[in-house]
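User: I'm more at home with gels than with coordinates. Could you walk me through how to read a few features of a protein model?

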Amino acid sequence: MSTMLDRGLCALWTDGELAISRDLFCTAHTQAERAGDREALAVAALGYAGLWVHEHRDTTTATLLEARLRTAAELTDPLTPLGIRLRCRIAAETDYRNGEAAGVLAALDAARACGDLVAIAEGLSLAHHCLLGPAHAAQRLELSRELMAIGFRTGRRGDILMGLMWHTADLFLAADPHAERRLAELRHKTALKGYAAARFVTDAMKVMLAIRCGNFDAAERMADICAAKGQTAGDADAVGWHGAHLIAIRWYQGRLTELVPMLRLAIDSPALSTVDNSYLAALCAALAVRGDRLEAAALLARLRGNSLADLPQSSSWLITMYGIVEASALLGDAAVAAEAYNLLAPHRDLPMMAGLGVACFGSVEHALGVACLTTDEAPRAAEHFRRAVQRNLAIGHLPAAALSRSRLAQAQALPPQRARDLVQGRRHGDRWELKLGRRQAVVGDSLGMAYLARLLAHPGLEVPAVELAGAPASAQSTQELLDNTAKRAYRDRLRALDARVEEAEDRGDTAAAEIARSERQWLLDELAAATGLAGRDRRFQDNPERARVAVGKAIRRALAHIERADPVIGDELRSSVRTGVRCSYQPPNTAENSTHHGGAR
C-alpha cells in the first residue's frame, strides 16, 4: 500500500501526471480501506483530488471525491496537518462551486497557524484557484509569491512549479509587461524535467500569444497539439481550453458562426467548470452574428437571469461579459449593455482573458466602447476605443487593436450626443431618479442631491452657492446653512432611521441595520456641520466662502453616490458640474456658452 501511495505522490508532485496519479491513488484508497489505515486513507483521498480545484466534474466522480474527503476528515484529527489539509480541500471544492473563497481562506489561515509547510503550500494553491475573478488580482499575486517561497521549503517539486505557474498566470491576467519573461522561465524549468500539468498550461499560454500576434493558422495547429497533451496528462480543462482557443481564432477571423454546432454541444458538456458561462455567451454572440435574433435573445435572457451581477466572477467571467456585450450590441439591447457596462467599468485596466491566461480578447476598454455604442453614446464609445487601441498594442494583441480601430472609426462616424441627451433628475419620495439617454441611476435623498437637482433643471445657468443653500444672493449676510424646514426634514429622517435600525436588529438583519446606521451617522455629520455650539445655527455671513465649501462638499458626496449607481452618469456629471462660489451644470452642448468657475472633481 505504501508503495502505491509513494508512486501516486511521485506521479502527482514530481511528474505532474494527473491521470496516472488518480489511478494510483484510487487503488491506494481501496487498499487503505481494507487495511483500516486512516492516515493512508486521508493521503489517498487528497491525492485523488489532484492539483487543481474541481478536477472531477461529472456528477459521479465529483460525488465520489466528496464522500472520500469527508470520510477521511471524520477519521482524522482536525488539528493535525493532515486534518487541516483535508479541511482546505473540502472548503476549496465547496467555495469554487459557489463562487466564493471565504472558507478556503479561513482554512489557509489555520494551515499557517499550524506551521506545516505542505499544508500551507496546498492551501495557498487551492485558495488562489478560488480567487481567479478580476477583482482579486492583488490578492492572487500575494498568494503566488508566498507559494513560490514556501515551495522551496516543502521538498516537493510540484509546489515550486505551481507557485511559478500561478505567478505567470497572474502577470498575464494583470497585463504585466514582464509576463512573457516569467513564462519563458516556467517553460525552461519544465523543459529540464517534464511536469505535464504545468507544461499543458504553458503550451496553452503560447497558443494565446500566437493569436495575439495574428498567427491564426499556427495558433490553430498549436491548439490541437496542446489539447492532445492536456488530455494525455488528464487535465479536466483540455477540452474547454481548446474550445476557448478556437473561439478566439474564429472571432478575429470573422468566422465565429462556423462554431455554432460545436458550441451547441459544448454548453451542456460536463467537461466545463460549473461556474463557466463563457460558452453560452459565445453561442449567444455567434447566433446574433448569424442573424438568429430570437434564439440569441433567449440565450441572452438565460445568461442575464434576474441580473448580470449574479453571474459568478470566475476565471471566465470577463470573456463571458464580452460575449454578452457583443450579443446585446447586435440585438440592440441597450438595457443589457448598460448593465454590463456598470459591471465591467471597475476592471477597465484589465485584458479580457480566459482561464489561466489561455485566451485573450483584448482590453476591457473595448467591451466598454461596444456597450456605449449600444446605448447611443458615441463620444464616450470613441474614448473607450482610443484607450483600447493603446492597451491592446501594449499587450501585443494586434487583432484586438485592429478591431478597436475599426470600432473607433464607427463611433466617430456617428452623430455626437444630441442636445436633448442631458442628465435629468426627478425625485420620488426619498429617492432620486437620474436619467441620461437610456441610462438610469437611483440614489437616496440628500442635501447634495437637492442642490444638484436644481442645477440639472437649469443647464448652463450659474447659481451662487449661497442661493443654492437656501437664500437669494442679496440676503447672504444672514442666511443660515440649514433653514427650519430642512432641519425638520433631517430630524424626521433620523427618527425613521432609528426605527429602521431597531426593526432590522429585531429580525437579525445586521446588514440592513448597518446601512441604516451609516445613513444616520451621515445625517448627524451634516447637522453638526450646519450648527455651532449648543446647536446654534451657523450663518454664511458676508463672505460666501462657507457656502462654497459646504455646497461643494454636499454635491461631491452626491456625485459619489451617483457614480456607484451608474459609472457613466456619474462620470458625465463629474465632468460637467462646476462648484465654487457659483455653481452650474455645463453639459457639452452648453459649455461653450457659459463661464465656468471651479470644478466638481
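Analyst: Happy to. One definition to start: two strands pair if DSSP finds at least two bridges between them. Keep in mind that this is a predicted model.

User: Okay, what order do the strands of the open sheet have, and what kind of pairing?

Analyst: The order is S3-S4-S5, and the pairing is antiparallel in this open sheet of three strands. At the edges sit S3 (424-428) and S5 (439-444), each of which pairs on one side only. On average, neighbouring strands here are turned by 20 degrees against each other, if you ignore direction.

User: Which helix packs on that sheet and touches S3, S4 and S5?

Analyst: That's H22, residues 447-457, and its direction makes about 35 degrees with that of S4. Another helix to look at is H26 (residues 545-565), which lies across S4 and S5 and runs at about 130 degrees to S5.

User: Can we zoom in on one strand pair? How many bridges join S3 and S4?

Analyst: Five, in the antiparallel sense, with S4 covering residues 431-436. To find your place in that pair, look for Gln-424, which stands opposite Lys-435 in S4.

User: Next, side chains. How are they arranged along a strand?

Analyst: The general idea is that in a regular strand they alternate between the two faces of the sheet. Try S1 (residues 351-354): Pro-351 and Met-353 point one way, Met-352 and Ala-354 point the other way, and all are buried.

User: Which strand does S1 pair with?

Analyst: With S2, residues 359-363, in the antiparallel sense over three bridges. Met-353 of S1 is a handy marker, as Met-353 stands opposite Cys-360 in S2. The hairpin of S1 and S2 has four residues between the strands, and in it Gly-355 takes a positive phi near 55 degrees.

User: On to helices. What describes two packed helices?

Analyst: You give the angle between their axes and the distance between the axes. Take H9 (residues 157-173) and H10 (residues 179-192): they pack at about 155 degrees, with axes 8 Å apart. Angles over 145 degrees count as roughly antiparallel, so that is the label for H9 and H10. Their crossing is left-handed.

User: Which residues of H9 and H10 make the contact?

Analyst: From H9, they include Leu-161, Leu-164, Met-165 and Phe-172, and from H10, Leu-183, Leu-186 and Lys-189 are among them. Sorted by class, the contact of H9 with H10 has eight nonpolar, three polar and five charged residues.

User: And are H15 and H17 roughly parallel or roughly antiparallel?

Analyst: Start with the numbers: the axes of H15 (residues 278-290) and H17 (residues 317-331) come within 8 Å and cross at roughly 20 degrees. Angles under 35 degrees count as roughly parallel, and H15 and H17 are therefore roughly parallel to each other. This crossing is left-handed. Among the residues in contact are Ala-281, Cys-284 and Ala-288 of H15, along with Gly-323, Ile-324 and Ala-327 of H17. By class, the contact has 10 nonpolar, three polar and no charged residues.

User: Last one. How do I read accessibility, say for Gln-521?

Analyst: Look at the relative accessible area: under 20% is buried, over 50% is exposed, and in between is partly exposed. Gln-521 has 43%, so Gln-521 is partly exposed. You'll find Gln-521 in H25, residues 510-530. From Gln-521 to Leu-497 the C-alpha to C-alpha distance is 10.0 Å, with their positions 24 residues apart in sequence numbering.

Methods
Residues numbered from 1 in each chain as written. Predicted model: local features only at pLDDT ≥ 70, side-chain atom pairs only at ≥ 80, totals over all residues. Heavy atoms only, no water. Axes fitted to C-alpha atoms, helices over the stretch in contact; angles between N-to-C directions. Helix = DSSP H or I, 4+ residues; strand = E, 2+ residues; numbered from the N terminus. Parallel < 35°, antiparallel > 145°, perpendicular 65-115°, else oblique. Left-handed = near helix turned anticlockwise from the far one by under 90°. Contact = heavy atoms within 4.5 Å. Nonpolar A, V, L, I, M, F, W, Y, C, P; charged D, E, K, R; others polar. Buried < 20%, exposed > 50% of the residue type's maximum accessible area, 1.4 Å probe, protein only.
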